[in-house]
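Biologist: I am new to this structure and should be grateful for a close look at a single part of it. Please choose one part, describe it with care, and then set it in the context of the whole chain.

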Amino acid sequence: MRRGLISVASLAEQLVSRKDVRVVDATWFLPNSPFAAPAPYASGREAFEAGPRVPGAAFWDLDEHSDATTAPDTPHNLPDAAQFAAPRRPRRHRSASPGRVCYDQVGTFSSPRLWHTLRAYGFADVAVLDGGSRPGSRARGRPGARRRRAARRARPPTRSSPAPSGASATCGTGSPRTRRNGPSSWTPARPAGRRGLGAEPLPGCRSGHAPGAVNAPFLDFLEPNPSRADGGPGGPFRGATLKDDRGVAEAFAAAGVDPKSPCALSCGSGLTAAVVALALHRLEGNDAPIYDGAWCEYEADGDLPVVEGAA
């Protein structure tokens with residue numbers, strides 16, 4: 001699981017050669033986007049239970065495993081220690097260093113958020129299935145499989161961690177832009193139209209951005225799915241993979257972001273910043289913190305400045 005990504009072929013091999021690999025579906029659908037739920041499903045859990053899915057996979061609900069007390073206005077926060085650890089169940093063949101593979105059903109979208117969460121709680125052997133499960137299973141017949149037995153909920157990792165460390169940034173006087181000894185820049189991962197240049201799709205949120213924030217749209221780090229070039233539900237980003245190192249470096253350069261410099265990542269609700277975090281990790285080995293409160297929390301604070309337009 002090299003540098004945070006694993007291919008469909010490599011996962012198929014590891015499911016055979018390693019008994020400690022755990023696969024987790026972290027699908028979260030975004031309405032009216034390339035990552036919307038396919039009919040007739042309303043949620044990632046529904047689609048997971050219907051299959052097909054990776055053999056032996058469990059489902060991790062990103063909304064359920066989120067600490068609402070730290071940022072009440074956003075749904076995708078790091079879970080607190082109790083949420084992360086429960087429920088615990090005995091398991092055979094536990095390994096001292098289990099491998100974890102996170103995947104989406106729609107490409108590379110929500111699974112990096114679980115990747116970020118697991119790494120925040122001390123797990124190093126974690127990877128995202130590049131391109132998600134369905135494109136790979138249809139193209140190669142593996143590792144996707146339809147399972148008629150009852151779908152499993154994701155069991156928490158067996159390692160004990162009191163709290164995530166250095167993985168999130170806070171708002172207000174401790175915001176990524178202003179906190180002492182913190183990152184030198186704030187890098188949102190939001191689409192360009194959501195930085196004050198267009199309507200904000202998040203309910204109740206103003207459009208705009210924080211002064212000095214340098215945007216690196218997460219879609220710029222994804223390689224469109226060539227099989228969707230002629231259209232289809234979700235368009236070319238359905239089944240998209242992360243760009244190679246050169247493409248990732250070019251995306252950072254186009255955004256005006258130095259991937260070697262410390263920064264804190266953000267987005268609209270705390271989810272897609274993890275895509276950029278994964279890209280940064282692969283390119284430079286950096287583990288940038290993610291501001292969980294995201295734009296929802298920032299813009300709701302009347303004491304923090306908001307810029308509308310391209311400035």
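Modeller: The account below begins with the whole chain, turns to one strand and its partners, and ends with some particular residues.

The model is predicted, so local features are described at pLDDT of at least 70 and side-chain atom pairs at pLDDT 80 or more, while totals for chains, interfaces and linings use all residues. Residues are numbered from 1 along each chain as its sequence is written, and side-chain values use heavy atoms, leaving out hydrogens and water.

The protein chain has eight helices and twelve strands; these are DSSP runs numbered from the N terminus, with helices being H or I of at least four residues and strands being E of at least two. Of its 311 residues, 51% are buried, that is, under 20% relative accessible area, whereas exposed means over 50% and partly exposed lies in between (1.4 Å probe, protein chains only). Among contacts in the protein chain with a separation of 6 or more, 75% link residues 24 or more positions apart; a contact here means heavy atoms within 4.5 Å.

The part chosen is strand β5, residues 126-129. V126 and V128 point one way from this strand, A127 and L129 point the other way, and all are buried. Strand β1 (residues 5-6) runs parallel to β5 and is joined to it by two bridges; strands count as paired if DSSP finds at least two bridges between them. In this pairing, L5 stands opposite V128. Strand β4 (residues 99-103) also runs parallel to β5, here with three bridges, and V101 has A127 as its bridge partner.

Between β4 and β5 comes helix α4 (residues 111-120), and the three make a right-handed β-α-β unit. Right-handed means that, with the strands pointing away from the viewer, the path from the first strand over the helix to the second runs clockwise. C102 is buried because its relative accessible area is 0%.

An unreviewed UniProt entry lists residues 101-132 and 206-307 under "domain: Rhodanese"; UniProt positions are given in the numbering used here, feature names are shortened, and annotations may be inferred rather than shown by experiment. The span 101-132 is 31% helix and 22% strand, and its end C-alpha atoms lie 11 Å apart.

F221 offers a view of another region. This residue sits in the loop between β8 (186-188) and β9 (222-223), and F221 counts as buried because its relative accessibility is 0%. Beyond its neighbours within four places in sequence, the contacts of F221 include A216, L242, V248, F252 and V276. The C-alpha atoms of F221 and E250 are 9.0 Å apart, although 29 residues separate the two along the chain.

Some backbone features also deserve a note. Most residues other than glycine have a negative phi, and most peptide bonds are trans. A cis peptide bond joins A39 and P40, with omega about 5°, and P40 is in the loop between β2 (21-25) and α2 (44-50). Another cis peptide bond joins G51 and P52, with omega about 0°; P52 lies in the loop between α2 and β3 (58-59). A294 is not a glycine, yet has a positive phi of about 55°. A294 belongs to helix α8 (residues 294-300) and is buried, because its relative accessibility is 0%.
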